[in-house]
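Reader: Could you walk me through some strand pairings here, and show how the terms are earned?

Author: Gladly, let us take the pairings one at a time.

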Amino acid sequence: MRKNKLIIVSSFIIIIAIIFSGVYYYQSNHFNAHITINNTKAGGLTAEQALKKLKSTVLKNDVYIGKDLIFNGKDTKMEFTSKDLASVEKLLKSQQTFWPSSKEKNFSLQPGKVDLYRSQTMKKLAEEKLLYMNKSLLAPKDAEVRLEQGKIAVSKSVDGKQYDITQLLKDYQKQEYTSEIFLKPEYIQPIKEDSPIIKKEENKLKELVQRTVDYKVQDKVYSLQGSDLIQNATVTKDLKVTINSEEIKNKINDINEAQSTLNKDFKFKTHSGSVVSVKGESYGWAINVTKESNRVKEAFEKGEKSLEAGSIYGSGWSTYGTGYHATTNDGIGSTYAEVSIKDQRIWIYKNGKLVFTTNVVTGRHNTNEDTPPGVWYVMYKETPSVLEGTSVGHGNYSVKVQYWAPFTLSGCGFHDASWRTNWTSTAYLTAGSGGCVNTPSSVMKTVYNHLSKNEPVVVY
């Protein structure tokens, strides 16, 4: 009896062991019931069977945003080969349970062979479709900070309907081997009014209007205040400011009108101490208001503290302006040549001291060939030289001179006149030159040596 019981128990144990062994063997070689690979059912299949099914699975290659189909790709098969069996077996082992499990699980598995259509071609086509769609969709509008009429204003942001393609492509990557790709709608978000970047832009404009630029013209320094001159400005997201320079331009124009000397009358103190008004002709300088306004604007934008005027211009032979560094004698300075038509004499001053004076003969008065009054400057010097021109009663002429220093574009200047015999103080009335300042040959070299290019010549 006992023996029979032992046989029965042993048989039961053997049966249980066989069942357990069978279950374990089955579980070791088959996927659980609700396992999918790349959304392809693998439940109950061996690794070999699952791989075979993966090889034959057709990918529709459709791309959706939400429920909307945006791209219908061509059907393809997954690029699995027999070389991918080890990867499938690894998945099989990872999902293995001792007892059959009904837990759902989808594994993502990439084949060893790269699927160029899915990873490159189709992705690029989907991106191009999204870019095309965005062209017809409402773009978001960022909040913007502006300085308007001296006050900082922040515009409200506006939501748009354009897709955030970068985020959608990231979602695409995660679903690379699903038959249909469903992308969660992601939209480009505008910069909001309360965002940190907007606060930084506000602070940038507040700081901008507090800036000061010390603008130097000759020996004068103008303290240009941003609060006065910057009424309208914008700022970019990288905090670069752009100023509307109209107020700055008006200020530079005011400085130019007050300080420049070009085409203005000069109050000139003569050799005798009397003061005469002489019209500025070629001599003088002025500020290029447009260029200097831009320089000042850029100085404010870059946060520069000081700036010296650099865009100076003039007229005549030199277009860079003459007399910019002369701040005395009403802008003529202390080095100049003085020509008195009445006295028929010249005086040459260097640094305020008279260095030479001599009698001369100026342009012929009775034929209206007078040496033109005004403030001019020595254009250049030449020795020797040939003078060519015309004069009333003599027609065309061409004469050689030893020294020549012109001061008008019309051809008037200082030169020796060896042919002249009449050097009286009234010679100019009826026997003067064709407009030049005839200087005795005996002293012309001295006069020539004392004259310098760009120095003023005052004729009155």
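Author: This is a predicted model. Strand 8 (residues 145-148) and strand 13 (residues 233-235) run antiparallel and are joined by two bridges.

Reader: Why are strand 8 and strand 13 called a pair?

Author: Pairing asks for at least two bridges. Two bridges join strand 8 to strand 13, so the definition is met. Arg146, for one, has Thr234 in strand 13 as its bridge partner.

Reader: And which sheet holds strand 8 and strand 13?

Author: An open, antiparallel sheet of four strands, in the order 9-8-13-14.

Reader: What makes strand 9 and strand 14 the edge strands?

Author: Strand 9 (151-154) and strand 14 (241-243) each pair on one side only. On average, neighbouring strands of this sheet are turned by 20 degrees against each other, direction ignored. Helix 6 (residues 196-209) packs on the sheet and touches strand 8, strand 9, strand 13 and strand 14. The direction of helix 6 makes about 25 degrees with that of strand 8.

Reader: How do you know that strand 27 pairs with strand 26?

Author: Strand 26 (residues 404-406) and strand 27 share three bridges in the antiparallel sense; the definition needs at least two, so they pair. Ala405 has Phe414 in strand 27 as its bridge partner. Six residues lie between the strands of this hairpin, and Gly411 takes a positive phi near 105 degrees.

Reader: In which sense does strand 27 pair with strand 28?

Author: Strand 27 and strand 28 (residues 437-439) pair in the parallel sense, over three bridges. Phe414 stands opposite Val437 there.

Terms used
Residues numbered from 1 in each chain as written. Predicted model: local features only at pLDDT ≥ 70, side-chain atom pairs only at ≥ 80, totals over all residues. Heavy atoms only, no water. Axes fitted to C-alpha atoms, helices over the stretch in contact; angles between N-to-C directions. Contact = heavy atoms within 4.5 Å.
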